[in-house]
Structure formats: C-alpha cells, structure tokens
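I sat down with this one to go through its metal site, its helix packing and its odd backbone spots. Notes follow in the order I looked things up.

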Amino acid sequence: MVQIKRKIVSKAVEKKVTYGGKNPVNYITVHQTGNTSRGANAEMHAKLQSNGNSRAASWHYSVDDTEAYQSFEDTAQCWHSSDGKGPGNTQSIAVEICINSDGNYRKAVENGAELVRHLLDKHGLSVDRVRQHHDWYPKNCPAQIRAGKDGITWSDFLNMVKGVKVSKPKETQTGSEQITKSSPSNGVSLDVDGKWGNSTTLALQKALGTPQDGFISKQPRNSVSQSLYGNTVQFGSGGSNVIVALQKKVGASADGKLGPGTAQALQKYLGTPQDGVLSRPSTAVEEMQRRLNSGRF
Ligand SMILES: [Zn+2]
C-alpha cells in the first residue's frame, strides 16, 4: 500500500514549467531521480517542485519507499521526457522513482509499480502504455532499472505492474489517497469513478454480449465521443457494435455512433439528469458502472 499525498504546485509555478495544454493521458512515463543523496525522497522532490523548481523540469508524481507525492494534476503537460511537445511531455503522466541512499531501493521500485498500476486503472490504460523516459529521448533513464540494479530489470518492473491489483483510492480527510491491494475478482469490478475508459467499455461489451476488446470503433468526433477516457474511442466512420447494442438497450436510434442523443437516452435509462452531456467525470457513467458491477445494467 502506498499513500499518495497531494502537494499540487501553485498556478504560477505550473505556468512556468508546463505547456499549459490538456494532457489526454495516453501513457505513463517512468523515471528515476538520479539523486542518491540522503533525504532525496518523494517529499523532498515534491517540495522542490512546489517551491518553483529552478530547473526547467516538472513531473506529476514522486514515489519513494514509504509514500508518493503528487505535484501536478494528471491533466498537466509537464516537462520530463526531453521530447519537446512530443507525446512524452504532452500525453503522458510522469512518475519519478526516488533512489535516495537512505531509502529501501526495492521497496521504492515496488511502490513505483503500484503507483503506475493505479494510474493505468485510473485512466483506463493497459500496461503496454508504460514507457521509459528513454523511449522518448536517448537519455539513460530510469537508469537503475535499465541497469538491472538489485536484480530488478525493466521487464521485472513491468511484471510488478501487471501483478499488482489496486482498488480505487479513497480521498482521506488530509487530501491523500490510499491504495490497497485487493484480491482479483472473477466478475466485473469497475472503479465507480464516472470515467468511461477502456475497462468500462470492456464491461459494457461483456454485459451486452458484443466482442470484448475495450474499444469503441468508428466513432464521429463530437462532445460525447470526445468525453470518454483513455483510448477507448477510436474515431472514424461507420459506428460500433457495442454502441448499437447500447442504443437498442436504452431506446436510442441504433446507428452505432455515440452522440448527445444516445447520451440522453442512456441518462433516461439510468435515471440520471438528462442533458445529453457526459461530463468528465459523469454521474450517468458512475451509475452505469455501478450497474455493470452488480450485473443489473
Ligand atoms: Zn527521466
């Protein structure tokens, strides 16, 4: 279990060290701090950022052997991947694993894997979206994992990410998040977070009996299709099977294309306010997730 403490930087600092656009969160990028000094832990790195890091660098999460700190919202476009406005900086969340010499290296890497797992789940991404800093730019980072320090290689790290199942974190009164391990369930156990990403689509496909791949293909771009999370919506023309099945279920016209009409029919079906808009996150999606979990959608 690793606790995530929020120490979000001020708007003024954010303005100086991010691109200011909205990160669609298509990837998670793993770094190691390169700082072996005693005390160079997650809290120290979070403080460095909130004090206005003098280097032109920024990252979302710092994690050590006992805890994690979040410095920027997931949607910030931080500067950590050395790829300019490339996907590393503009489409990924950065996780810095601390390597302070007074910390337990293996535990910090394990906590890093747990944090990455949590972020993948949160954004409806699969483990193939985990990147090294080195994947974006020829910098030797995360250096220790790349070198297999203490016998932990990159593929070991990815296996750790795959192996850990984390439940939805609860906001505690101090504004921190708890990640707890839970045993895998055979049924559907979606996070009821109102965010319709790949895992929600997959559960919907399962419930509606359409092919299960977590993707909604051939969708038009509109306010509804673009409000889903992760990469579950694949844009194009023609419409998707799962949406046809959904539309039939909720009484919308069955053209396979997500849009305000389908959203409104879904809201009516679920008994949530009917405005034809899926907010990020959405109460209608929350209710849908709740029903998918209980098998009564
Ligand atoms: Zn790096």
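**Odd backbone spots**

I started at Asp150, which is partly exposed with a relative accessible area of 48%. The model is predicted, so I am reading computed geometry throughout. Asp150 sits in the loop between α6 and α7. I looked up its backbone because it is not a glycine and yet has a positive phi of about 55°. For context, most residues other than glycine have a negative phi.

Next I went to Lys218, another non-glycine with a positive phi, also about 55°. Lys218 is in a strand, β9, which covers residues 216-219. I checked whether Lys218 is buried or exposed. With 46% relative accessibility it counts as partly exposed, because that value falls between the 20% and 50% cut-offs.

I also noted Gly271, just after α10, with a positive phi of about 75°.

Then the cis bonds. Most peptide bonds are trans. The bond from Cys141 to Pro142 is cis, with omega near 0°. Pro142 belongs to the loop between α5 (133-136) and α6 (143-146). Another cis bond runs from Arg280 to Pro281, with omega near -5°. I placed Pro281 in the loop between α10 and α11.

**Zinc site**

Which residues coordinate the zinc ion? I found His31 through ND1, His133 through ND1 and Cys141 through SG, at 2.1 to 2.3 Å. Along the chain the donors follow the spacing H-x101-H-x7-C. Cys141 also turned up in my cis-bond entry, as the residue before Pro142.

I then checked accessibility for two of the donors. His133 is at 2% relative accessibility and so counts as buried. Cys141, at 5%, counts as buried as well, because the cut-off is under 20%.

**α4 and α7**

I moved on to helix packing. Helix α4 (residues 105-122) packs on helix α7 (residues 154-163) at an angle of about 55°, and their axes are 8 Å apart. That angle makes α4 oblique to α7. I have the crossing down as right-handed.

Which residues meet here? From α4 I listed Arg106, Val109, Glu110, Gly112, Ala113, Val116, Arg117 and Leu120, and from α7 Phe157, Met160, Val161 and Lys162. Sorted by class, the contact of α4 with α7 comes to seven nonpolar, one polar and four charged residues. One general point I kept in mind: an α-helix has 3.6 residues a turn, so residues three or four places apart point the same way.

**α9, α10 and α11**

Helix α9 (residues 241-250) and helix α10 (residues 260-270) pack at about 50°, with axes 9 Å apart. So α9 is oblique to α10. The crossing of α9 past α10 is left-handed. On the α9 side I found Leu246, Gln247, Lys249 and Val250, and on the α10 side Thr262, Ala265, Leu266 and Tyr269. By class, that contact of α9 with α10 has five nonpolar, two polar and one charged residues.

α10 also packs against α11, at an angle of about 55° with the axes 10 Å apart. That makes α10 oblique to α11, and α10 passes α11 in a left-handed crossing. Leu266, Gln267, Tyr269 and Leu270 of α10 make the contact with Ala284, Glu287, Met288 and Arg291 of α11. I count the contact of α10 with α11 as five nonpolar, one polar and two charged residues.

Which residues of α10 are buried? I got Thr262, Ala263, Ala265, Leu266, Gln267 and Leu270. The buried residues of α10 pack against α9 and α11 (283-294). Leu266 is listed in the contact with α9 and again in the contact with α11.

**A last look at Asn51**

Where is Asn51? I found Asn51 in the loop between α2 (42-50) and β3 (61-63). Its relative accessible area is 65%, so Asn51 is exposed. I also checked its distance to Ser10, which is 41 residues away along the chain: their C-alpha atoms are separated by 8.9 Å.

Definitions and conventions
Residues numbered from 1 in each chain as written. Predicted model: local features only at pLDDT ≥ 70, side-chain atom pairs only at ≥ 80, totals over all residues. Heavy atoms only, no water. Donors = N, O, S within 2.8 Å, 3.2 Å for Na, K, Ca; no water. Buried < 20%, exposed > 50% of the residue type's maximum accessible area, 1.4 Å probe, protein only. Axes fitted to C-alpha atoms, helices over the stretch in contact; angles between N-to-C directions. Helix = DSSP H or I, 4+ residues; strand = E, 2+ residues; numbered from the N terminus. Parallel < 35°, antiparallel > 145°, perpendicular 65-115°, else oblique. Left-handed = near helix turned anticlockwise from the far one by under 90°. Contact = heavy atoms within 4.5 Å. Nonpolar A, V, L, I, M, F, W, Y, C, P; charged D, E, K, R; others polar.
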